[in-house]
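Let's take a friendly walk through a protein model, moving from the whole chain down to single pairs of residues. Have a look at the picture first, then read on.

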Amino acid sequence: MSGHDCTGCDLGRRRFLRDAAVGTALAAFATAIPMEAIEAIERRGNEVSYMIPAKDGVSIDKKNDTMVARTGSKVFIFARTCPHQNTALRWLDGQNRFQCPKHESKYTPDGVFIEGRATRGLDRFAVKKAGGNVVADLDKLFHEDTDAADWKAAFVEA
């Protein structure tokens, strides 16, 4: 070597690797962030109220572990976890579906199971319409395989 001090080069390389790792981690995290995070308008006992969404899409309420989904004229409120092993679900907006990050079970916007390790659709809460709001009873969660009729009826018209 010609007396050139490469300490700066090493720091530059370290900084580059650190920044690349942080950027990769942030990009991975960003894909897990729901399109819209919401909070309930009101919570009374076991009931939570949300505004009926004006358009198709999904909003996630982490505090109450719920997901509000509008597809067409129907509004559903789902449990936020995959029925297979209770892993928090992701909404993939570009693919218009829910997906479990653990075993990649996939679901339509109305919670119907598409494919993966799960064996049923997303768990739906009992809901009712109250003015311009949808109200979920957090004590009444319907499973497609054991509560078929209630599961199919667990939505409100927007």
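What follows goes from the overall make-up to the strands and then to the charged pairs.

## The whole protein

Keep in mind that this is a predicted model. The protein has 158 residues, and buried ones make up 34% of them. Its secondary structure adds up to 2 helices and 12 strands. If you read along the sequence, the pattern goes α-β-β-β-β-β-β-β-β-β-β-β-α-β. The protein exposes about 9,400 Å² of surface, and 52% of that comes from carbon and sulfur atoms.

How much of the contact map comes from residues 24 or more positions apart? Among contacts with a separation of 6 or more, such residues account for 40%.

## Strand β4 and its two neighbours

Now find β4, which covers residues 66-71. This strand is mostly covered, with 5 of its 6 residues buried.

On one side, β4 pairs with β3: the two run antiparallel and 5 bridges join them. One example to look for is I60, whose bridge partner in β4 is M67. Together β3 and β4 make a hairpin, with 4 residues between the two strands. One residue in that turn, D65, has a positive phi of about 55 degrees.

β4 also pairs with β5, again in an antiparallel way, and here 6 bridges do the joining. T66, for instance, stands opposite A79 in β5. This pair is a hairpin too, with 2 residues between the strands. In its turn sits G72, which has a positive phi of about 65 degrees.

D65 is a residue other than glycine, and its phi is still positive. N96 is another such case: its phi is near 55 degrees, and it isn't glycine either. You'll find N96 in the loop between β6 and β7. Is N96 buried or partly exposed? With a relative accessible area of 46%, N96 counts as partly exposed.

## An open sheet

Next, look for β6, β7, β8 and β9. These 4 strands form an open sheet in the order β6-β7-β8-β9, with antiparallel pairing. Which strands stand at the edges? They are β6 and β9, and each has a single partner strand, so one side of each is left without a neighbour in the sheet.

Zoom in on the pairing of β8 with β9. Strand β8 takes in residues 106-107, and 2 bridges join it to β9. Here K106 stands opposite E115 in β9.

## Salt bridges

How many salt bridges turn up in the whole structure? A search finds 6. Three of them are set out here.

| Salt bridge | Closest N and O atoms |
|---|---|
| R44 with E42 | 2.7 Å |
| K128 with E47 | 3.3 Å |
| R80 with D65 | 3.2 Å |

Take R44 and E42 to begin with. R44 has a relative accessible area of 60%, so it is exposed, since exposed means over 50%. E42, at 33% relative accessibility, is partly exposed.

Now for K128 and E47, whose closest N and O atoms are 3.3 Å apart. K128 sits in strand β10 (residues 124-130) and E47 in strand β2 (residues 47-51), so this pair ties together parts that are 81 residues apart in sequence. Both ends count as partly exposed: K128 has a relative accessible area of 43%, and E47 is at 26%.

That leaves R80 and D65, with 3.2 Å between their closest N and O atoms. The pair links distant parts of the chain, 15 residues apart. R80 is in the loop between β5 and β6, while D65 is in the loop between β3 and β4. Why does R80 count as buried? Its relative accessible area is 16%, and buried means under 20%. D65, at 39%, is partly exposed.

So D65 is worth a second look in the picture, because several threads meet there: this partly exposed residue lies in the loop between β3 and β4, has a positive phi and forms a salt bridge with R80.

Terms used
Residues are numbered from 1 along each chain as its sequence is written. This is a predicted model: local features need pLDDT of at least 70, side-chain atom pairs count only at pLDDT 80 or more; totals for chains, interfaces and linings use all residues. Side-chain values use heavy atoms; hydrogens and water are left out. A salt bridge is a side-chain nitrogen of Lys or Arg within 4 Å of a carboxyl oxygen of Asp or Glu. Buried means under 20% relative accessible area, exposed over 50%, partly exposed in between (1.4 Å probe, protein chains only). Two strands pair if DSSP finds at least two bridges between them. Contact means heavy atoms within 4.5 Å. Accessible areas come from the Shrake-Rupley method with a 1.4 Å probe; for residues, only the protein chains shown count as cover.
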